[in-house]
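Thanks, everyone; please have the sequence and the coordinates open while I talk. I will go through a metal site, a helix pair, a hairpin and one loop residue, in that order.

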Amino acid sequence: MAHNIGVNDMNNFTYANPTKIQFGRGVIAQLGDELTRLGASKVLLVYGGGSIKSNGVYDAVVAQLAASGIAFAEHGGVQGNPVLCHARDGVAKARAENVDLILAVGGGSVVDESKAIALGAASDTDVWEFFAKREAPQTALPVVAVLTLPATGSEMNGIAVLSNEETDEKNALVCPPLLNPKASFLDPETTFSLSARQTAFACTDILSHLMEGYLTTAAGHLPVQDGMIEGVAKATMESMAAIRENPADYDARAAFMWSATLAWSGICQAGIPAWGMPCHALEMPLSAVYDIAHGAGLSIIIPAWMRVVGAKHEPRILRFGRCVLGLEAPGSIDAVADALTDYYRSIGSPVSCTEAGIEPDIDRLTALASAAFQQRGMTDYTEPIIRDIYLRAL
Ligand code: NZQ
Ligand code: ZN
């Protein structure tokens, strides 16, 4: 079958991913050996608000450290949308305790803050200087992750996201391979304790990572990338449905977990020409200012974005409607946006600010997003367009 592949459709790329993945039931039993192999003698154990203490993961990790004779200090209390002041505390602790590795145990927020601590602890520069792009990171302590919430892909990428609580800036620092975890442990059973809401927000995030490059590229058809993205997106939606039926369905949790990692490890996007992350740029101010879950922010933003600027990406959006959402003949962008809205509603992720319980300050959000677009060089996202998208998301 002939496709319209233009000569410039696939970009040159370099892809290297140094993160070792240990995937499956019971893999935490190999954590001690891996840490020993990496030469760790004392680690900073970073975690969130306590989910790992109630689902048994903390005990399993501490048992591994004890069995391998690895000392540890603790840095708990990482919040969703991790903040600079807490990361700075972690840097101070890592230095005071003289740790040689940062062990992240939790979701994307924990992994991201661990990466920030790993950077800050290895240099004299204040960690925000890196996130503000005023300094380029040169060195970092190694990070190992035990992932308990599959969504962000942080477990296998070189990205960290941190919010500055003083300025409301939420910045992504992209720095592979320095920020890639050396190893990540993915046991789907650790995700059985995720609530339906948390799983839904994870689902919207995974889909958004797959969609943004796919929808915004100027390419006509990319057989490898389109095939991978459509396949992983469908696997995400199918496993989401099975998890809603039975939250302890191991195979569904496993498919969901691996989909999350693949979606944002860079493998699916390698070679896609001319694409951007406008919906992430629009979402970051929402979760920074109103502290909502990143995935909830995305399900609010994406349909609004589609309705306002979708015309520019029409063929890709219609293809998404057909090949992922299963619409027989999506006649318009609005039809795809409607179907996506219905999907988000069906899994319990909000599709408007009202549904998320927030009354946003549109001027503030517009100013923050506009600065982010400028920084990314996406100058076609002017303030009136950004404002229009936020207004559609009310
Ligand atoms: O804090 P604890 O008690 O651990 O509870 C967490 C938190 O309340 C809970 N949780 C995690 N694992 C659980 C669990 N509850 C029950 N059982 C488990 N097994 O879930 C809540 C949310 O966790 P969080 O880590 O905040 O969620 P997520 O993984 O979605 O991470 C969101 C952060 O990652 C950033 C987002 O912007 C946001 O700051 N992102 C990072 C990216 C990256 N590094 O590549 C890309 C993404 O686009 C995203 O921007
Ligand atoms: Zn995301």
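Before I use the word, let me fix it: a residue is called buried when its relative accessible area is under 20%, computed with a 1.4 Å probe on protein chains only. Please also keep in mind that this is a predicted model.

With that cut-off, Asp 205 is buried, its relative accessible area being 3%, and His 209 is likewise buried, at 3%. Both residues belong to the site of the zinc ion (ligand 2), which is coordinated by Asp 205 through OD and by His 209, His 280 and His 294 through NE2, at 2.1 to 2.2 Å. Read along the chain, the donors of this zinc ion follow the spacing D-x3-H-x70-H-x13-H. Asp 205 and His 209 are 4 residues apart in helix α7, so about one helical turn separates them.

That takes us to the helix pair. Helix α7, residues 196-216, and helix α11, residues 294-309, have axes that come within 8 Å and cross at roughly 35°, and the crossing is left-handed. On the α7 side the contact includes Phe 201, Asp 205, His 209 and Met 211, while the α11 side contributes, among others, His 294, Leu 298, Ile 302 and Trp 305. By class, the contact of α7 with α11 has 8 nonpolar, 7 polar and 1 charged residues. Three of the zinc donors, namely Asp 205, His 209 and His 294, thus appear again in this contact.

Now to the hairpin. How many of the residues of strand β6 are buried? For β6, residues 159-164, the count is 6 of 6, so the strand is largely enclosed by the rest of the structure. Ile 159, Val 161 and Ser 163 point one way from β6, whereas Ala 160, Leu 162 and Asn 164 point the other way. Strand β7, residues 169-174, pairs with β6 in the antiparallel sense over 6 bridges, and within that pairing Asn 171 of β7 is the bridge partner of Leu 162. The two strands form a hairpin with 4 residues between them, and Asp 168 in the turn has a positive phi of about 65°.

Last, the loop residue. Pro 360 lies in the loop between α13 (333-347) and α14 (362-375), and Pro 360 is buried, with a relative accessible area of 14%. Setting aside neighbours within four places in sequence, Pro 360 is in contact with Tyr 290, Cys 353, Leu 365 and Leu 394. Tyr 290 is 70 residues away from Pro 360 along the chain, yet their C-alpha atoms are separated by 8.1 Å.

Conventions
Residues are numbered from 1 along each chain as its sequence is written. Chains are lettered from A and ligands numbered from 1 in the order in which they are written. This is a predicted model: local features need pLDDT of at least 70, side-chain atom pairs count only at pLDDT 80 or more; totals for chains, interfaces and linings use all residues. Side-chain values use heavy atoms; hydrogens and water are left out. Axes are lines fitted to C-alpha atoms, for helices over the stretch in contact, and angles run from 0 to 180 degrees between N-to-C directions. A crossing is left-handed if the near helix is turned anticlockwise from the far one by less than a right angle, and right-handed if clockwise. Contact means heavy atoms within 4.5 Å. Ala, Val, Leu, Ile, Met, Phe, Trp, Tyr, Cys and Pro count as nonpolar, Asp, Glu, Lys and Arg as charged, and the others, Gly among them, as polar. Buried means under 20% relative accessible area, exposed over 50%, partly exposed in between (1.4 Å probe, protein chains only). Two strands pair if DSSP finds at least two bridges between them. Donors are N, O and S atoms within 2.8 Å of the metal (3.2 Å for Na, K and Ca); water is not among the atoms, so sites may look incomplete.
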